[in-house]
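Biologist: Please take a close look at the aromatic rings in this model and at what surrounds them, and explain each term when you first use it.

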Amino acid sequence: MATLGTPEAYGSGWVVHRSSSGASVFAYFDKSQVVEAIEVYTPVAGADEWDRVFWAELDVFATPVEELVAQLRQRTTVIEEENGHSYTLPELLLAFWRSITPETEDDLEGRQFESVLVARPGYYDGPAATSGDT
């Protein structure tokens with residue numbers, strides 16, 4: 001962790017910020033203090049080679065959203081949410097997010113995801129499943 005930064009409290013978990021690129025790694029905990037999700041965020045795709053995240057040989061931050069989603073849909077169910085800002089893959093326990101979507105064909109902003117989250121089984125089943133209660 002020393003190469004990433006010092007963990008800081010963040011909500012019900014912690015975050016490590018990478019000062020050189022602005023990337024962050026978040027860990028979210030349930031009520032029992034068990035990790036329920038890990039999220040990686042980067043404000044700029046490809047800003048630093050250490051901030052790259054791959055899924056099935058695809059760079060999730062550098063691959064255009066439309067291309068990545070098309071590849072994902074060939075393998076599993078993809079649920080588009082928030083008018084294209086968020087995509088959830090409940091069967092793979094993955095979620096992708098971007099802060100903006102392109103407004104025109106020429107708009108370069110919002111073409112890549114900024115965040116990817118991997119969750120534990122039960123994370124997408126609702127509050128009862130992630131509360132730590134059995």
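Modeller: The structure holds four aromatic pairs, where rings of Phe, Tyr and Trp (its six-membered ring) pair if their centres lie within 6.5 Å, and planes under 30 degrees apart count as stacked, over 60 as edge-to-face and the rest as tilted. One of these pairs joins Phe26 and Tyr28, whose ring centres are 6.1 Å apart and whose planes stand at 0°, so this pair is stacked.

Before going on, please keep in mind that this is a predicted model, in which local features need pLDDT of at least 70 and side-chain atom pairs count only at pLDDT 80 or more, while totals for chains, interfaces and linings use all residues. Residues are numbered from 1 along each chain as its sequence is written, and side-chain values use heavy atoms, with hydrogens and water left out.

Both Phe26 and Tyr28 are buried, a word that means under 20% relative accessible area, as against over 50% for exposed and partly exposed in between (1.4 Å probe, protein chains only). In another pair, the rings of Phe96 and Phe113 have centres 5.2 Å apart and planes at 35°, so this pair is tilted. That pair connects distant parts of the chain, since Phe96 belongs to strand 9 and Phe113 to the loop between strand 9 and strand 10 (115-119), 17 residues apart; helices (H or I, at least four residues) and strands (E, at least two) are DSSP runs, numbered from the N terminus. Phe96 counts as buried because its relative accessible area is 2%, and Phe113, also at 2% relative accessibility, is buried as well. Ring pairs also bring in Tyr87, which forms a cluster with Phe96 and Phe113.

From Phe96 we can move to Val116, a residue of strand 10. Val116 is buried, with a relative accessible area of 9%, and if we set aside its neighbours within four places in sequence, the residues in contact with Val116 include Phe96, Leu94, Ala95 and Ile38, contact meaning heavy atoms within 4.5 Å. Ile38 is a residue of strand 4 (residues 35-41), and because its relative accessible area is 30%, Ile38 is partly exposed. Glu36 lies in strand 4 too, yet Glu36 is buried, with a relative accessible area of 12%. The C-alpha atom of Glu36 is separated by 5.7 Å from that of Ala119, although their positions lie 83 residues apart along the chain as a sequence separation.

Strand 9, the home of Phe96, also has a part in covering a helix. The buried residues of helix 1 (residues 65-73) are Val65, Leu68, Val69 and Leu72. Seen down the helix axis, these buried residues fall within an arc of 95°, so they line one face of helix 1; the arc is that of the directions from the helix axis to the C-beta atoms. This fits a general rule: an α-helix has 3.6 residues a turn, so residues three or four places apart point the same way. The cover over the buried residues of helix 1 includes strand 8 (86-89) and strand 9 (94-97), together with strand 5 (54-55) and strand 6 (58-59).

To place these parts in the whole, the protein chain has two helices and ten strands, which follow one another from the N terminus as β-β-β-β-β-β-α-β-β-β-β-α. Of its 134 residues, 40% count as buried.
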